[in-house]
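Hi,

Here is the structure I promised to pass on. Have a look at it first, and then read my notes below.

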Amino acid sequence: MRILLDHNLNWRLWKSLQPHEVATTRQMMWDDFDNGELLNVAQEEFDVMLTTDANLYHQQKVAD
């Protein structure tokens, strides 16, 4: 599984997510994208995105 860690999470979290393939938005050079752009590019390359951004749910159309 490919997991993306948002810039608001500690990058050291990747150790706890092994053996999955983990990258950060900073490593991908995506840390300047707004939430909409980030979700669009992330869904092409990752299965899961972890974030603590509470507003993300309200800013996007999320299926229940």
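**What I found**

Strands 1 and 2 are paired in the parallel sense, with four bridges between them. One of the residues to look at here is isoleucine 3, which stands opposite valine 22 in strand 2. Keep in mind throughout that this is a predicted model.

Strand 1, residues 2-5, also runs parallel to strand 3, and three bridges join those two. Isoleucine 3 turns up again on this side: valine 48 is its bridge partner in strand 3.

Put together, the three strands make an open sheet with parallel pairing, in the order 2-1-3. Strand 2 (21-24) and strand 3 (48-50) are at the edges with a single partner strand each, so one side of each has no neighbour in the sheet. On average, neighbouring strands of this sheet are turned by 25° against each other, ignoring direction.

Stepping back to the whole chain, you'll find two helices and three strands. Starting from the N terminus, the elements go β-β-α-β-α. The chain has 64 residues, and 25% of them count as buried. About 4,800 Å² of the chain is exposed, with carbon and sulfur atoms supplying 50% of that. As for how the chain comes back on itself, take the contacts between residues at least 6 apart in sequence: 43% of these join residues at least 24 apart.

Now for the inside. Which residues make up the largest nonpolar core? There are six: Leu4, Ala23, Trp30, Leu38, Ala42 and Phe46. As a general point, nonpolar side chains in soluble globular proteins tend to be buried together.

Phenylalanine 46 is a good one to click on. Setting aside neighbours within four places in sequence, phenylalanine 46 is in contact with Arg2, Ile3, Leu4, Ala23, Met28 and Trp30. Among these, Leu4, Ala23 and Trp30 are also listed in the core.

One last residue: is threonine 24 buried or exposed? Threonine 24 belongs to strand 2, and it counts as buried because its relative accessibility is 13%, where the cut-off for buried is under 20%. Not counting residues up to four places away in sequence, threonine 24 touches Leu4, Leu5 and Trp11. Leu4 is therefore worth finding in the viewer too: threonine 24 touches it, phenylalanine 46 is in contact with it, and it is part of the largest nonpolar core, as one might look for given that nonpolar side chains tend to be buried together in soluble globular proteins.

Best wishes

Methods: Residues numbered from 1 in each chain as written. Predicted model: local features only at pLDDT ≥ 70, side-chain atom pairs only at ≥ 80, totals over all residues. Heavy atoms only, no water. Pairing = 2+ DSSP bridges. Axes fitted to C-alpha atoms, helices over the stretch in contact; angles between N-to-C directions. Core = buried A, V, L, I, M, F, W, Y, C linked by side-chain atoms within 4.5 Å. Buried < 20%, exposed > 50% of the residue type's maximum accessible area, 1.4 Å probe, protein only. Contact = heavy atoms within 4.5 Å. Areas by Shrake-Rupley, 256 points an atom, 1.4 Å probe, with all protein chains shown as cover.
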